[in-house]
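Please open the structure in your viewer and keep the sequence panel beside it. The tour below goes from stop to stop, saying at each one what to select and what is there.

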Amino acid sequence: MAVTDLPCPQCKHPLVGKACRVFVPRLDDQRDVMTECTQNHRPDTMVIDEIGRKSEANAARTAASRGVCLVATAHESLRSLLRNPKLNQLLGGVAGVALSD
């Protein structure tokens, strides 16, 4: 397992255990850290603190396409996530359908 997170040395949590904890030095670097983690550490599971940009969503999709299970937060309601074209791909996307009887 890999945990990507902003640096917080005093925030050690016992549940992280022996997981590889990869710190993101700046929020702008999260996409690069996620990609590097996927390529270099080959985790089974990646825990990501707050995906909020399209580049991060793309990095998460790349990790998922390589077989990495993702657990991530996105600080929006489900409705706003579905309406957000940058992030709704993480939920499988949104598509229009026509129903008839």
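Begin by selecting Arg42, which sits in the loop between helix 1 and strand 3, and bear in mind while looking that this is a predicted model. Arg42 is exposed, with a relative accessible area of 68%, and its phi is near 45°, a positive value in a residue other than glycine.

Now zoom out and show the whole chain as a cartoon. The chain contains three helices and four strands, and when it is read along the sequence these follow the pattern β-β-α-β-α-β-α. Of its 101 residues, 29% count as buried. Among the contacts in the chain with a separation of 6 or more, 44% are accounted for by residues 24 or more positions apart.

Next, select strand 3, residues 45-48, together with strand 4, residues 69-72, which pair in the parallel sense over four bridges. If you follow the chain from strand 3 through helix 2 to strand 4, you trace a β-α-β crossover that is right-handed. Two of the bridge partners can be picked out by name: Thr45 is partnered by Cys69 in strand 4, and Val47 has Val71 as its partner in strand 4.

Stay on strand 3 and turn on its side chains. In a regular strand the side chains alternate between the two faces of the sheet. Which residues of strand 3 point to one face and are buried, and which point to the other and are not? Met46 and Ile48 are the buried pair on one face, whereas Thr45 and Val47 point to the other face and are not buried.

Just beyond, select Glu50, which lies in the loop between strand 3 and helix 2. Although Glu50 is not a glycine, it has a positive phi of about 60°, and at 37% relative accessibility it counts as partly exposed.

Then select helix 1, residues 30-41, and helix 2, residues 54-65, and look at how they lie against each other. Two packed helices are described by the angle between their axes and the distance between the axes. Here helix 1 and helix 2 pack at an angle of about 10°, with their axes 8 Å apart. Because angles under 35 degrees count as roughly parallel, helix 1 is described as roughly parallel to helix 2. To see where they meet, show Gln30, Arg31, Met34, Thr35 and Thr38 in helix 1 along with Ser55, Glu56, Ala59, Ala60 and Ala63 in helix 2. Coloured by class, this contact of helix 1 with helix 2 has four nonpolar, four polar and two charged residues.

For the next stop, move to the segment after helix 3 and select Leu87, which lies there. Is Leu87 buried or exposed? Leu87 counts as buried, because its relative accessibility is 2%. Leaving aside neighbours within four places in sequence, Leu87 is in contact with Ile51, Gly52, Arg53, Ala57, Glu76 and Leu81. One of these, Ile51, is 36 residues away from Leu87 along the chain, yet the C-alpha atoms of the two are separated by 8.1 Å.

Finally, select Asn84, whose place is also in the segment after helix 3 (78-83). At 12% relative accessibility, Asn84 counts as buried. Add Val94 to the selection to close the tour: Asn84 and Val94 are 10 residues apart in sequence, and from C-alpha to C-alpha they are 9.7 Å apart in space.

Definitions and conventions:
Residues are numbered from 1 along each chain as its sequence is written. This is a predicted model: local features need pLDDT of at least 70, side-chain atom pairs count only at pLDDT 80 or more; totals for chains, interfaces and linings use all residues. Side-chain values use heavy atoms; hydrogens and water are left out. Axes are lines fitted to C-alpha atoms, for helices over the stretch in contact, and angles run from 0 to 180 degrees between N-to-C directions. Angles under 35 degrees count as roughly parallel, over 145 as roughly antiparallel, 65 to 115 as roughly perpendicular and the rest as oblique. Contact means heavy atoms within 4.5 Å. Ala, Val, Leu, Ile, Met, Phe, Trp, Tyr, Cys and Pro count as nonpolar, Asp, Glu, Lys and Arg as charged, and the others, Gly among them, as polar. Two strands pair if DSSP finds at least two bridges between them. A crossover is right-handed if, with the strands pointing away from the viewer, the path from the first strand over the helix to the second runs clockwise. Buried means under 20% relative accessible area, exposed over 50%, partly exposed in between (1.4 Å probe, protein chains only).
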